Amino acid sequence: MKKLIVTGGNGFIGSNLINFLVSKNYFVINIDKNKYSKNSYLLKKPNKKNYIFYNLDINNKRIFNIFLKHKPDALFNLAAETHVDRSIDFPKDFINSNIVGTFNILEQLRKYKKKFKKEIKLIHVSTDEVFGDLKKNERSTEISPYRPSSPYSASKASADHLIKSYARTYNLNVMISNCCNNYGPGQFPEKLIPTLIFNILNNKPLPIYGRGNNSREWIFVKDHCKGLLVIYKKGRKGESYNIGSGENLSNLNLTKLLLKIVRNKKKIGKKVKIKFVKDRPGHDFRYALNSKKIRKKLKWFPKKNFKSGLADTLDWYIGNYKFFNQFSKKKFFKRLGLNK
């Protein structure tokens, strides 16, 4: 049974990845510092024979001791601060986690390789936001220039550059995945889709930035997890791979589609109306990925279309409403990123 580390394993994507890897008979070592966005609610209770958890920050050098004990085959680095609005208000947190934390992981991997003459493969999970704002019909490839716009995307871009430099200078076995917006059951409620669902279920207005024309590409989280496993198994050392669905929607059209799906399931309150709010500072208009490389080279394809995935996501939140109760309404359901 191969051993795999997942950093940030209590987060939305991380917990989905762990559940998926355990189902595929991997031994998973979960490293997470259990900060505000912990989603251990989503983690199924894995058999202790194929799962272990360490409450540890990726900035801690004791990660090396975990390498020594378990001798993992690979590490999936998902530990990161991810919310753009939060990065506008608290940029230092993003520098510490996304840049300095990634640096520490690289240093411990380098130390391990030097000591044992054996590599731990690194699959680093990045984002489409590093490529910056795109014009209509443009799609970023793996060799597109980086043009980050927010403290979040700049921190992720910095981490990507560090990883590429370690690949070249120290010949580490690293790969980078750049993925589009994830969605699915159990996503943290500060993100767009769970925020909209929460407000609909609680008869509240639906806040949309600007005029709602900003476009994002969306992928169902389980499709993303399958892509990460394919990169681990088939990806080439030093390469980057875009993971995208090819499905772009404006925030306004996404909201209208969600409302249509909800109306087919239940009555909507009178206060549930689209409410345009002050835009985010430096808000990029469009992100979109060209994912031909992973489809052609590694034979990965997304399975879930957006409408079907959105309906499944809505059903989950309706059936698991108590999920929202673990979050402070005052702290995590208020508007961020106003740059006051």
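The legends below describe close-up views of a predicted model. Local features need pLDDT of at least 70 and side-chain atom pairs count only at pLDDT 80 or more, whereas totals for chains, interfaces and linings use all residues. Residues are numbered from 1 along each chain as its sequence is written, and side-chain values use heavy atoms, with hydrogens and water left out.

**View 1. Helix H1 (residues 12–23) and its surroundings.**
Helices (H or I, at least four residues) and strands (E, at least two) are DSSP runs, numbered from the N terminus. The expected span of a helix is 1.5 Å times one less than its number of residues. For the 12 residues of H1 this gives 16 Å, and the end C-alpha atoms, 17 Å apart, agree with it. Buried means under 20% relative accessible area, exposed over 50%, and partly exposed in between (1.4 Å probe, protein chains only). H1 is largely enclosed by the rest of the structure, because 10 of its 12 residues are buried. These are Phe12, Gly14, Ser15, Asn16, Leu17, Ile18, Asn19, Phe20, Leu21 and Val22. Their cover, judged by contact (heavy atoms within 4.5 Å), includes strands E1 (3–7), E2 (27–32), E3 (51–55), E4 (74–77) and E7 (181–183), and also helix H7 (221–234). Asn25, which follows H1, has a positive phi near 70°.

**View 2. Strand E10 (residues 240–243) beside strand E6 (residues 174–179).**
Two strands pair if DSSP finds at least two bridges between them. E6 and E10 run parallel and are joined by 4 bridges. Ser177 stands opposite Tyr241 of E10. In a regular strand the side chains alternate between the two faces of the sheet. Both faces of E10 are covered: Ser240 and Asn242 are buried on one side, and Tyr241 and Ile243 are buried on the other.

**View 3. The open sheet E7-E9-E11 with helix H10 (residues 306–319).**
This sheet has 3 strands in the order E7-E9-E11, and its pairing is mixed. E7 and E11 (248–250) are the edge strands, each pairing on one side only. On average, neighbouring strands are turned by 50° against each other, direction ignored. Axes here are lines fitted to C-alpha atoms, for helices over the stretch in contact, and angles run from 0 to 180 degrees between N-to-C directions. E9 (residues 215–220) and E11 run antiparallel, with 3 bridges between them, and Arg216 stands opposite Leu249 in E11. H10 packs on the sheet and touches E7, E9 and E11, its direction making about 45° with that of E7.

**View 4. Asn77 in strand E4.**
Asn77 counts as buried, at 2% relative accessibility. Its side chain makes a polar contact of 2.6 Å with that of Thr7. A polar contact is a pair of N or O atoms within 3.5 Å; within protein, one must be able to donate a hydrogen and the other to accept it, and residues adjacent in sequence count only if both atoms are side-chain atoms. Not counting residues up to four places away in sequence, Asn77 touches Thr7, Ile58, Thr102, Ile105, Leu122, Ile123, His124 and Val125.

**View 5. Asp73 in the loop between helix H2 (63–70) and E4.**
Asp73 counts as partly exposed, at 30% relative accessibility. Asp73 and Lys3 are 70 residues apart in sequence, yet 5.7 Å apart in space, C-alpha to C-alpha. Leaving aside neighbours within four places in sequence, Asp73 is in contact with Lys2, Lys3, Leu4, Ile120, Lys121 and Tyr232.

**View 6. Cysteines Cys179 and Cys225.**
With a disulfide taken as a pair of cysteine sulfur atoms within 2.5 Å, the count comes to 0. For Cys179, the nearest cysteine sulfur is that of Cys180, 4.6 Å away. For Cys225, the nearest is that of Cys179, 9.1 Å away. Cys179 is buried, with a relative accessible area of 2%, and Cys225 is buried, with 1%.

**View 7. Helix H6 (residues 192–201) and Asn203.**
H6 is mostly covered, 8 of its 10 residues being buried: Ile193, Pro194, Thr195, Leu196, Ile197, Phe198, Asn199 and Ile200. Asn203 lies in the loop between H6 and strand E8 (206–209). Although not a glycine, Asn203 has a positive phi of about 55°. Asn203 counts as partly exposed, at 29% relative accessibility.
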